[in-house]
Amino acid sequence: MVHSLKYMLPILNSIFFLLAGSVAGAEGDVRASRDRIMYLKHNGGPFSHYLELRGDGSYRRVVRGHLYLEERDRGKWQQNKVRKLLLRSDEHFRNISSGDLLISMWQRDRLKTLPDIRQRIQDFLNANPAQEFPAGDVEHISETGVSVDSQAKSSDIIVLGSKRVNRTDLEKLLVAIDRFLPSGEKNVFILVPLEYKTATIFVDDDRTQLTKSIIAGELAGSSTPVQGAEKYGYREIDAAQFDKEVKEPRPVLSQSETKHREKQPGQDSSE
């Protein structure tokens, strides 16, 4: 019996590996290398977003629209022991999140109004003792003196993938704001590797749980193409595709020239 188990172990290990690899949203094993330039693409519908990780430790993010290219971000990158990509931006702050709730800090001037947003959330909780709220009510918690168009998604708090918001998530959002304000890591973005179909996608850490749920839904056959996980993650592409899509002749706009253009998904609610 022991002798038989000795020869069965490699088979059992292989089966376990296959089962582990099929878990919805399991973390991927893609390792970035300083020996080569790595290119990642995020297909955001009418806009495509690209991340170029260079061998010297620098990176840049580029957005391609129908008629233009725009560099949205640059800074330094590294990959930690659990294969997460850490992007230390020279331009932007990371988002603040709790559960399905997100506050975009992509525009640095939002930092000035963050204490006011925090007070508005606290006032909302004090005035509403319920344990659950409609997403629309939460999305209309806005900065003092800022009117919110009920027909436009222009809220300070973005609700991801949910029609109802738990009171606990709003309370945790207050805690997240309190941690963010004194942090010296406001500009560090974290991309988590997740197994998706036959590849690995890198997803912003504040959208990891949502993306895992979407992947689980796809495996169960309960999601739609509009909800595809690739909407939230970067997938690796080769240099030829990057060159074709990003380096072909077209206007390249500076940040100041495009401040009123459509904003990047994942950092704002306009897409």
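E52 counts as buried, at 6% relative accessibility. In this predicted model, E52 has a charged partner: R60 forms a salt bridge with it, and the closest N and O atoms are 2.5 Å apart. R60 is buried as well, with a relative accessible area of 16%, a value that falls on the buried side because the cut-off is under 20%. The two are not alone, since E52, R54 and R60 are linked in a network of salt bridges.

## Charged pairs

Side chains of opposite charge can pair when their charged atoms come close. Across the model, the count comes to twelve salt bridges. Three of them are set out here.

| Salt bridge | Closest N to O distance |
|---|---|
| R60 and E52 | 2.5 Å |
| R36 and E236 | 2.9 Å |
| D156 and R110 | 3.2 Å |

What does the salt bridge of R36 with E236 tie together? R36 sits in the loop between α1 (2-21) and β1, while E236 belongs to strand β13, so the pair connects parts that are 200 residues apart in sequence. R36 is partly exposed, with a relative accessible area of 36%, and E236 is partly exposed too, at 33%.

The side chains of D156 and R110 meet at 3.2 Å, N to O. This pair also links distant parts of the chain: D156 is in the loop between α3 (135-139) and β9 (158-159), R110 is in helix α2 (residues 110-127), and 46 residues separate them. Are D156 and R110 buried or exposed? Both are buried.

## Strand β12 and its neighbours

Now for a strand that is mostly covered. In β12 (residues 199-204), six of the six residues are buried. A199, I201 and V203 point one way from the strand, T200, F202 and D204 point the other way, and all of them are buried.

Which strands pair with β12? One is β11 (residues 188-196), which runs antiparallel to β12 and is joined to it over six bridges. Within this pairing, P193 stands opposite F202. The hairpin of β11 and β12 has two residues between the strands, and K197 takes a positive phi near 55° there. The other is β13 (residues 233-237), again antiparallel, with three bridges to β12. Here V203 has G233 as its bridge partner.

## Helix α6

Helix α6 covers residues 239-246, and F242, E245 and V246 are buried in it. Why do these three lie on the same side of α6? They cover an arc of only 80° around the axis, which places them together on that side. An α-helix has 3.6 residues a turn, so residues three or four places apart point the same way. The face of α6 turned away from the buried side carries the exposed residues A240 and K244.

What covers the buried residues of α6? The cover includes β1 (38-44), β2 (47-53), β3 (58-64), β4 (69-79) and β13. At the N-terminal end of the helix, D238 acts as a cap: one of its side-chain oxygens lies 3.3 Å from the backbone nitrogen of A240.

## Nonpolar cores

In soluble globular proteins, nonpolar side chains tend to be buried together. The largest nonpolar core in this model has 23 residues, and I96, I121, V138 and L170 touch the most other members. At least two residues of this core come from each of β7 (101-103), α2, α3 and α4 (167-180). Its largest share, six residues, is supplied by α4.

L170 makes a good place to start looking around this core. Leaving aside neighbours within four places in sequence, L170 is in contact with L101, I121, F124, L125, F133, V138 and V165. There is also a second, separate core of 15 residues, and L40, L51, W77 and Y234 are among them.

## The chain as a whole

Stepping back, the chain holds six helices and 14 strands. How many of its residues count as buried? Of the 271 residues, 44% do. Among contacts between residues at least 6 apart in sequence, 60% join residues at least 24 apart.

Methods
Residues numbered from 1 in each chain as written. Predicted model: local features only at pLDDT ≥ 70, side-chain atom pairs only at ≥ 80, totals over all residues. Heavy atoms only, no water. Buried < 20%, exposed > 50% of the residue type's maximum accessible area, 1.4 Å probe, protein only. Helix = DSSP H or I, 4+ residues; strand = E, 2+ residues; numbered from the N terminus. Pairing = 2+ DSSP bridges. Arc of directions from axis to C-beta. Contact = heavy atoms within 4.5 Å. Polar contact = N/O pair within 3.5 Å; in protein donor to acceptor, adjacent residues only side chain to side chain. Salt bridge = Lys/Arg side-chain N within 4 Å of Asp/Glu carboxyl O. Core = buried A, V, L, I, M, F, W, Y, C linked by side-chain atoms within 4.5 Å.
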